[in-house]
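Colleague: Could you give me a close look at one sheet in this model, and then follow the connections outward from there? I'd like to know which strands pair and what ties the parts together.

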Amino acid sequence: MQAIKLKPFVPSGDDYGLAQRFFEELGFENIYADNGITIFRLDELEFYLQNYHNRELQDNFMVELVVSDLDGWWTRIRRITESGEYPVRCKEPTMYPWGKREVHLIDPAGVCWHLSEAKRQ
């Protein structure tokens with residue numbers, strides 16, 4: 001057996017439109033949207049933004065996105081957070097004891113995104 005893709009359903013929080021705009025500004029392509037779900041794509045990766053609000057779930061939901069240029073992502077994230085347009089928080093690139101360099105981003109719903117740097121071969 002072989003798995004091909006894993007596509008998480010990420011809750012949008014109480015403002016679905018704001019969450020959609022946030023992920024578009026972050027660099028994801030909106031390839032489908034209706035009142036209940038948006039499919040976002042970045043290269044070969046996809047996730048579903050679900051029009052769903054549950055504070056307990058959102059505050060405990062985490063996603064890891066492995067990227068090739070963490071510093072480039074950090075520049076984009078800082079620009080977005082400094083604009084004040086979105087209720088997000090972030091932590092600068094940090095090397096963690098588990099061997100990954102990561103940026104932690106709390107999205108508008110409260111979901112924690114771990115953007116980690118791909119290990120160089």
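Modeller: Two strands pair if DSSP finds at least two bridges between them. Strands (E, at least two residues) and helices (H or I, at least four) are DSSP runs, numbered from the N terminus. Bear in mind that this is a predicted model, where local features need pLDDT of at least 70 and side-chain atom pairs need 80 or more, while totals for chains, interfaces and linings use all residues. Residues are numbered from 1 along each chain as its sequence is written, and side-chain values use heavy atoms, with hydrogens and water left out.

Let's start with the sheet ordered S1-S4-S3-S2, an open one of 4 strands with mixed pairing. S1 and strand S2 (29-33) sit at its edges with a single partner strand each, so one side of each has no neighbour in the sheet. On average, neighbouring strands here are turned by 30 degrees against each other, direction ignored (axes are lines fitted to C-alpha atoms, for helices over the stretch in contact, and angles run from 0 to 180 degrees between N-to-C directions). Zoom in on strand S3 (residues 37-42): 6 bridges join S3 to S4, and the two run antiparallel. One spot to find on screen is Ile37, whose bridge partner in S4 is Gln50.

Stay on S4, because Glu46 lies in this strand (residues 45-50) and reaches the segment before strand S1 (9-11), where Lys7 sits, 39 residues apart in sequence. The link is a salt bridge between Glu46 and Lys7, with the closest N and O atoms 2.9 Å apart (side-chain nitrogen of Lys or Arg within 4 Å of a carboxyl oxygen of Asp or Glu). Glu46 is buried, at a relative accessible area of 13%, while Lys7 is partly exposed at 29% (buried is under 20%, exposed over 50%, partly exposed in between, with a 1.4 Å probe and protein chains only).

That pair is one piece of a wider set, since the structure holds 8 salt bridges. Among them, Arg55 reaches Asp59 with its closest N and O atoms 3.0 Å apart; Arg55 is partly exposed at 40% relative accessibility, and Asp59 is partly exposed at 46%. Another joins Arg101 to Asp71, at 2.6 Å between the closest N and O atoms. Arg101 belongs to strand S7 and Asp71 to helix H3, so this pair ties together parts 30 residues apart in sequence. Arg101 is partly exposed at 22%, and Asp71 is partly exposed at 38%. Back at our starting sheet, salt bridges that share partners join Lys7, Arg41 and Glu46 into one network.

Strand S7 leads on to the other sheet, whose 4 strands are open, mixed in pairing and ordered S5-S8-S7-S6. Its edge strands are S5 (62-67) and S6 (89-95), each pairing on one side only. Neighbouring strands of this sheet are turned by 15 degrees on average, direction ignored. S5 runs parallel to strand S8 (residues 112-117), and 6 bridges join the two; within that pairing, Met62 stands opposite Cys112 in S8. Helix H3 (residues 70-83) lies across S5, S6, strand S7 (101-106) and S8, running at about 160 degrees to S6 (contact here means heavy atoms within 4.5 Å).
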